[in-house]
Amino acid sequence: RSFSNTPSGPHPTTPLTRRAMAYATVKVTLSLLAVAAASVADTVTSAGGRWTYDPTVTAVFGAADLDPAAHVRGSLQFHLGSYKGHAAANWSTNMVTIPIDLIHEVCGASHGSQTFAYSINEKWAHGENMRSAQGTELCGTIYTGRHWDPSAACGPNSGNEACKACGDALQQGYMCQPSKFNPTPDAAGSYAYRFLNKYACELGDLSGMHGELETEDSGRGFISLRSLKNSTEGSAQMSTAFGVISADSVTGDIIGLNCDASGPPAVHATDCECLEYNGKKTSSIGTMTVFRPIDHDTFHMGGVGLSQLKGKSVVVQCGSSFGASEGRPLFCAELL
């Protein structure tokens, strides 16, 4: 798909499109105010001074009293923190152990040191009587969905229907990788949107942003994962500064998504073209305007109190060290 450089004159618009653009301008303004309000809401002032409210959302795997040779144990937790002086949504792991037999059953033999991919997936469909599970079937897409991807970065495992509507080739161009990921905020655009950032990551692609989980040591019948904590914990903005993109944003008879990148050279695109890298400069100063749906959401650092993460799932899969078994769901838990 090709992009056109921004022409010297104004873009042709219909009255309906102009009205939509005017509404979107108001929407973006209100969204930015909502983001500011969210930041204020997560900060509490006490009589003794100013302190930060730090909500947490946790996926608990199994239970501490279970046999580690037969059941996954441990947890992964998200909390509001910082990265190099910037506010961020951080995540850490605590004492995660995996039965060796489960790894052999699902992943097979590894080629070198064992590594495990992990992600935030769209849902948890087991119900409140089952908060965690293990095995390919119970942690498959029927119960956990696909990767959470509200900014439509469109990796091969994205659950965003906009990616499917814009064609399979889009997902093949996904280039998220830890060495290119930047957890800091981008005041000139947004790193979460692929049109402006060639290396944009799905908000749920945790190993794409921070690398795969690695093993630390082994016990009798189980292996332990190296903990993510303090200086090794993961960080991301977990924000949709320009709005959540959906299939409704890229389909229809009038423009649902409008985007511009300053370059140089400047690039203008609409709808599905806005889900592809602009082809000129990364990361690029620019903007994305979501016209449809009119009531689309916008959130900052996982939403107030990390509300956007609640009710979703964390899924740990066989990592790249397992060759053909890479990506098979190994264990999972609901985020609460």
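A contact here means heavy atoms within 4.5 Å. The exercises below apply this term to a predicted model.

**Exercise 1. Describe the overall make-up of the protein chain.**

Solution.
1. Begin with the secondary structure: the protein chain holds seven helices and 16 strands.
2. Turn to burial. Of the 336 residues in the chain, 49% are buried.
3. Consider how the contacts are distributed along the sequence. Among contacts with a separation of 6 or more, 69% join residues 24 or more positions apart.
4. Finally, take the surface. The accessible surface of the chain is about 15,600 Å², and carbon and sulfur atoms account for 53% of that area.

**Exercise 2. Identify the residues that touch the most other members of the largest nonpolar core, and list the contacts of F78.**

Solution.
1. In soluble globular proteins, nonpolar side chains tend to be buried together.
2. The largest nonpolar core has 69 residues, and those touching the most other members are F78, W91, I98, F116, M238 and L275.
3. The element that gives the most to this core is strand β6 (residues 86–99), which supplies four residues.
4. Now take F78 alone, setting aside residues up to four places away in sequence. Its partners are P55, T56, V57, N90, W91, I120, L206, M238, L306, L309, V314 and L335.
5. Compare this list with step 2: W91 and M238 are among the partners of F78, and both also belong to the group that touches the most other core members.
6. A second core, separate from the one above, has five residues, including W124, C139, V315 and C332.

**Exercise 3. For the serines S313 and S151, establish the location, the degree of burial and the polar partner of the side chain.**

Solution for S313.
1. S313 belongs to strand β15 (residues 313–318).
2. The relative accessible area of S313 is 0%; because buried means under 20%, S313 is buried.
3. Its side chain reaches the backbone oxygen of K123 at 2.9 Å.
4. Residues up to four places away in sequence being left out, S313 touches S119, I120, N121, K123, W124, T144, A333, E334 and L335. K123 thus appears as a contact and as the provider of the backbone oxygen.

Solution for S151.
1. S151 lies in the loop between α3 (141–144) and α4 (161–165).
2. With a relative accessibility of 1%, S151 is counted as buried.
3. The backbone oxygen of A192 is reached by the side chain of S151 at 2.8 Å.
4. With residues up to four places away in sequence excluded, S151 touches A192, Y193, C201, T240 and I245.

**Exercise 4. Examine three of the salt bridges, giving for each the distance, the location and the exposure of its residues.**

Solution.
1. The structure holds four salt bridges; R131–E334, E161–K164 and R226–E214 are among them.
2. In the pair R131 and E334, the closest N and O atoms are 2.6 Å apart. This pair links distant parts of the chain, 203 residues apart: R131 is in the loop between β7 (115–121) and β8 (132–134), while E334 is in strand β16 (residues 329–334).
3. R131 is partly exposed, at 35% relative accessible area, whereas E334 is buried, at 10%. E334 is also listed among the contacts of S313.
4. In the pair E161 and K164, the closest N and O atoms are 3.7 Å apart. The two residues are three positions apart in helix α4, so about one helical turn separates them.
5. E161 has a relative accessible area of 43% and is partly exposed; K164, at 58%, is exposed.
6. The side chains of R226 and E214 form a salt bridge with an N to O distance of 2.5 Å. R226 is in the loop between β10 (222–225) and β11 (234–236), and E214 is in strand β9 (residues 213–218), so the bridge ties together parts twelve residues apart in sequence.
7. R226, at 38% relative accessibility, is partly exposed, and E214, at 41%, is partly exposed as well.

**Exercise 5. Characterise the surroundings of T232.**

Solution.
1. T232 is located in the loop between β10 and β11, where R226 is also found.
2. T232 is partly exposed, with a relative accessible area of 36%.
3. Residues up to four places away in sequence aside, T232 touches H210 and S227.
4. H210 is 22 residues from T232 along the chain, and their C-alpha atoms are separated by 9.2 Å.

Terms used: Residues are numbered from 1 along each chain as its sequence is written. This is a predicted model: local features need pLDDT of at least 70, side-chain atom pairs count only at pLDDT 80 or more; totals for chains, interfaces and linings use all residues. Side-chain values use heavy atoms; hydrogens and water are left out. A nonpolar core is a set of buried Ala, Val, Leu, Ile, Met, Phe, Trp, Tyr and Cys residues joined through side-chain atoms within 4.5 Å. Buried means under 20% relative accessible area, exposed over 50%, partly exposed in between (1.4 Å probe, protein chains only). A polar contact is a pair of N or O atoms within 3.5 Å; within protein, one must be able to donate a hydrogen and the other to accept it, and residues adjacent in sequence count only if both atoms are side-chain atoms. Accessible areas come from the Shrake-Rupley method with a 1.4 Å probe; for residues, only the protein chains shown count as cover.
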